[in-house]
Amino acid sequence: MGNADTKLHFRKAVIQLTTKTQPVEASDDAFWDQFWADASTTVQDVFALVPAAEIRAVREESPSNLATLCYKAVERLVQGADSGCPSEKQRLVVLNCTRLLTRILPYIFEDADWRGFFWSTVPGAGRAGRLDEDGDDDEARPLAESLLLAIADLLFCPDFTTQSHKKSSSDTAEDIRSIDSCEYIWEAGVGFAQSPPPNYVHDLNRTELLKLLLTCFSEAMYLPPSSDSKNTNPWVSFFCSTENRHALPLFTSLLNVVCAYDPVGYGIPYNHLLFSDHREQLVEQAVQILIVTLEHEAGSAAGAALQALEASSCPSPVEEQEVRARGRPAGPDNLFVNYLSRIHREEDLSFILKGLARLLNNPLVQTYLPRSAKKIQFHQELLILFWKFCDFNKKFLFFVLKSSDVLDVLVPILFNLNDARADQSRVGLMHIGVFILLLLSGERNFGVRLNKPFTLRVPMDIPVFTGTHADLLIVIFHKIITSGHQRLQPLFDCLLTIIVNISPYLKSLSMVAANKLLHLLEAFSTPWFLFSSPQNHHLAFFLLEVFNNIIQYQFDGNFNLVYSIIRKRNVFHQLANLPSDSPSIQRALQRKKNSGVSRNNSVDAESMEGCRPAAPAEPGTLKASLEATPGIDKITEKSQVSEDGTMVAVPPPDSPQTAADSSAVAAPSDTESNPERDLEVHHRETKAARSRLSSVASSLGWSANPDWVLSWKAKLPLQTIMRLLQVLVPQVEKICIDKGLTDESEILKFLQHGTLVGLLPVPHPILIRKYQANGGTAMWFRTYMWGIIYLRNVDPPIWYDTDIRLFEIQRI
């Protein structure tokens, strides 16, 4: 009964606030205390008892009352932080104010006139007790700063969110202003050795405060997309600045809580069904706070972080903890980015990598009892966090690649790519996975690590093969291209670029993977496909570059690929003899038009083992729109591998020397925009899956002509392959005739011991396309990240039905 009465009183207070036409004085504590002093309402209750329509009504009709409510709630949080919340009643007030602000803030942000409210001081606030008692009105902190500092203090409040260090309860409460919060870090890991005893109440309180903090940061959702790097989030900027004395312990706490989390627990089957795991909620909020704070300075942070790393005297977060230097540190102004970029101790890097790999592999855990092991749902946030670490901390990237541990991250990424390829609501997950692999593929060690045999038994619907992790990658990329849905087509260039980057280091492809590569070339080199768009020939160039790299640098172990090339030699001859006269071009396009074949259908010309067709998302699924994917030429820069293994940047493609030297695509259309990628933002899929750019070509008035075909046909890098065929085909045919062979194993044995030393053209330089950050990808990551956070926070639905402008939410 008592709880029902409490809810009734709270509801009456809300109704009073919405019906009062006269401003309520800030000094009327009896009225304002109704919202937090006596209530025992959960966050779900607050969302139910404070309807969106009533918040908007107060905002429009009684703005001073809404302003006072926000001010009084922040004031109570500041008082709670100052006192250290020694009593149960004060903790209840703090939690109720936290829940109320979490409910109200999105409606402040959605109105442009209100966004500046929290960044101004409240006139006349002195009548009801000051937030900043030492200063006068002019020097008072803006409400936003007071709120953020109070949250930071409360996150290290003994007996509320952290374990008290006092031996006896009779001792006086610890003074929150004098405690060293680095001694209250939530979990052992980076820079902290002691693991405090688990306390689910502390976890719940931390989770509620982090939810409010995330809501504060979400102002970004209410602003239209902008690639302007100067458009920083003021809430994040202040919270991650030197103004926040808890920045270091909070960053460390969030990171350690995420990386130390083990969802399997004690390994008892179905344990997650028997009791609630409060740590999971905390970990999910922690990883979301981390990715949002690290999104700040996305354009310049990597360079600044690298400079900070290269400074020999630059301390790690651990060393800073010991030194306790309070001055402005070197590197980015955002302290979270700064601390992340400077982690360098092997044990810390190992802790982070093992923690992220454990969580990413969680969905792959197989047991004999179905659904007996807990499956986490925040893998997309983990992938973004892994991306941030690789992008901002080059020592972490090198650590990941120096051992086979990188494969513990690769396998779950490939699993997710394969699992999500047919689900149109998970297109963002496909992108982040491919972007991470593109970043990794720019490093030589990644290609080398892929030669490790793949022996895991992961639940993936792929053809059975015996081979390496490189084979697994190629087989899954082939499945994405042949049986993914239409909206994945902008990723084809990225997928093939990754294969090009790793190809010089692949020692021995399996027959299955070799056939997949030849199948892709066969599909991408058909005349109608090449003539359908100004971009399609790039895919054929990429595949030819893959074959050239393997033949020139890894011929000895790749007899399966050589055999496949010999078997499919007609594909290369047809490509070399591609007709370029106008009648032939028109005939090829007409043939395609008559057959009504789409790009996807052309690729899927033969039945693929284990393939399932692209399926629409489940009815009722919500999805967030994404920004356009930048073209491959915009997100990569070319580097040439020199003889000593170092990489040398290649001049921009407008240099004629580069265009002639590289076997890369150097056609003028490299720099042309792709209008269909702009259409991707609105997700206007046509019922019939048409080729990626044939519709674009017609909208631009573009059509294939002989001059255009000759401009890139002359650059097709076929010399090495043609020379290989010229030498080996007669030898293989002679063996078959002489020995009457029909068994391919004998031919493979011959090829395995053959050599082309001195017979091939001079090896071309290895060209690697390394990921390069730009405004377009920064904008893509921002919309993707906030889209995930919007969709994942459904209990309570913090931003549901508010006027989001960063992206669109669509119900499929």
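**Strand 4 and the internal cavities**

In strand 4, Ile766, Ile768 and Lys770 point to one side while Leu767, Arg769 and Tyr771 point to the other, and all of them are buried, where buried means under 20% relative accessible area, exposed over 50% and partly exposed in between, with a 1.4 Å probe and protein chains only. The model is predicted, so that local features need pLDDT of at least 70 and side-chain atom pairs count only at pLDDT 80 or more, whereas totals for chains, interfaces and linings use all residues. Residues are numbered from 1 along each chain as its sequence is written, and side-chain values use heavy atoms, with hydrogens and water left out.

Because six of the six residues of strand 4 (residues 766–771) are buried, this strand is largely enclosed by the rest of the structure; strands (E, at least two residues) and helices (H or I, at least four) are DSSP runs numbered from the N terminus. Strand 4 pairs with strand 2 (residues 636–641) in the antiparallel sense over six bridges, pairing being assigned if DSSP finds at least two bridges between two strands. Within this arrangement, Glu637 has Lys770 of strand 4 as its bridge partner.

Thr646 lies in the loop between strand 2 and strand 3 (647–649), and counts as partly exposed because its relative accessibility is 40%. Apart from neighbours within four places in sequence, Thr646 is in contact with Gln640 and Val641, contact meaning heavy atoms within 4.5 Å. Thr646 and Arg444 are 202 residues apart in sequence, and their C-alpha atoms are 9.6 Å apart in space.
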